Amino acid sequence: MNKELLLEWLKKTDVPLTTISKKTGISRRTIYNWIKGARIGDRLGNKIYSVYNDDITITKTRINMLGDTNVEAKYIINLQKEKIERLEHDLLKHKSTPIQETVWNQLDFDFESKIKLTFENFTISRTILSVTNIEIQSKILGYSISELENLYDIKVYHKHSQKHPVDQMLHTKTVKDIKQQMKSLPSLFESLKNMMGNHYIPQPLTYVHKNKSLINAIAYNKVNWKEKTVVSKVKFLLND
């Protein structure tokens, strides 16, 4: 076992520490302490190798390639691409195994929002009815609580959904993807308005931190066709 390589992988991997902990049986605190400089024991270190050997080996290859700052910059860009690919892979997996109400109730999430949609003359209007855990969002995204409250503009009716201020903290690709999905909503709501139960739709998100860095997340959306409401449980994809 190469402890230096293992430590390098832990510092740079996109896999959340919580996931590594669950798959290896090693506490999240122990893994976090390793990253901060604590000694890695052979037995526990080998546990991680047994589960993530392929990923760690790829990291070794990349480290060997880093000969100058240009290559390192390309390496960082590739990490971002892989993060997006991982997110898209997770999305496809969830689409192939749609969640049900029991799974919805057990979802791990950082905050929840509820949105009311209205349709008039092919125009989609949006009202954010509620948002939870703004303090957590403030810590992760760098905005103050008052800034977030202004962006969410809770319980304020916005006739043109695409002009809602909350989109200012979403990456342009995310806004474009959501806009594309919303185009089909009026006809869907009309045809399914009498449908009993809910429909669950996962959606990848990329937020723009106040310092302009990107924060990836995934939203699990519960659509109530009759009430024209969407409840979203959002989980930030962080390393620690």
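Biologist: At roughly what angle do the axes of helix α1 and helix α3 cross?
Modeller: This is a predicted model. Helix α1 covers residues 3-12 and helix α3 covers residues 28-35. Their axes come within 9 Å. Angles of 65 to 115 degrees count as roughly perpendicular, and α1 and α3 are therefore roughly perpendicular, crossing at roughly 110°.

Biologist: Which residues of α3 make the contact with α1?
Modeller: From α1 come L7, L10 and K11. By class, the residues of this contact are five nonpolar, no polar and one charged. On the α3 side the contact is made by I31, W34 and I35.

Biologist: How many residues does the second, separate core have?
Modeller: That core includes L5, W9, I31 and Y52. I31 is also one of the residues in the contact of α1 with α3. In soluble globular proteins, nonpolar side chains tend to be buried together. The second core has 15 residues.

Biologist: Which element gives the largest share of the largest nonpolar core?
Modeller: The largest core has 26 residues. F111, L141, Y152, M169, Y207, V234 and F236 touch the most other members. Elements giving two or more residues are β1, β2, α7, α8, β3, β4 and β5. The largest share is four residues, and the element is β4.

Biologist: Which residues of β5 (229-236) does F111 touch, leaving out residues up to four places away in sequence?
Modeller: F111 is in the largest nonpolar core. Its partners include V131, T132, N133 and Q137. Y152 and Y207 are also among them. In the range of β5, residues 229-236, F111 touches S232, K233, V234 and F236.

Biologist: Is α7 roughly parallel or roughly perpendicular to α8?
Modeller: The axes of α7 and α8 come within 9 Å. They cross at roughly 110°. Since 65 to 115 degrees is the range for the term, α7 is roughly perpendicular to α8.

Biologist: How many charged residues are in the contact of α7 with α8?
Modeller: I134, E135, Q137 and S138 of α7 take part. From α8 come I145, L148, E149 and Y152. Asp, Glu, Lys and Arg count as charged. The classes are four nonpolar, two polar and, for charged, two.

Biologist: In which loop is N133 found?
Modeller: N133 has a positive phi of about 55° although it is not a glycine. N133 is partly exposed, with a relative accessible area of 33%. F111 touches N133. The loop is the one between β2 and α7.

Biologist: Is D153 buried or partly exposed?
Modeller: D153 is found in the loop between α8 and α9. Its phi is positive, about 50°, although D153 is not a glycine. Buried means under 20% relative accessible area. D153 has 22%, so D153 is partly exposed.

Biologist: What distance separates the C-alpha atoms of N224 and H199?
Modeller: N224 is found in strand β4. N224 is buried, with a relative accessible area of 18%. N224 and H199 are 25 residues apart along the chain. Their C-alpha atoms are separated by 6.8 Å.

Biologist: What percentage of the residues in the chain is buried?
Modeller: The chain has 10 helices and five strands. The chain exposes about 14400 Å², with carbon and sulfur atoms supplying 52% of it. Of the 240 residues, the buried ones make up 38%.

How values were computed:
Residues are numbered from 1 along each chain as its sequence is written. This is a predicted model: local features need pLDDT of at least 70, side-chain atom pairs count only at pLDDT 80 or more; totals for chains, interfaces and linings use all residues. Side-chain values use heavy atoms; hydrogens and water are left out. Buried means under 20% relative accessible area, exposed over 50%, partly exposed in between (1.4 Å probe, protein chains only). Accessible areas come from the Shrake-Rupley method with a 1.4 Å probe; for residues, only the protein chains shown count as cover. A nonpolar core is a set of buried Ala, Val, Leu, Ile, Met, Phe, Trp, Tyr and Cys residues joined through side-chain atoms within 4.5 Å. Contact means heavy atoms within 4.5 Å. Axes are lines fitted to C-alpha atoms, for helices over the stretch in contact, and angles run from 0 to 180 degrees between N-to-C directions. Angles under 35 degrees count as roughly parallel, over 145 as roughly antiparallel, 65 to 115 as roughly perpendicular and the rest as oblique.
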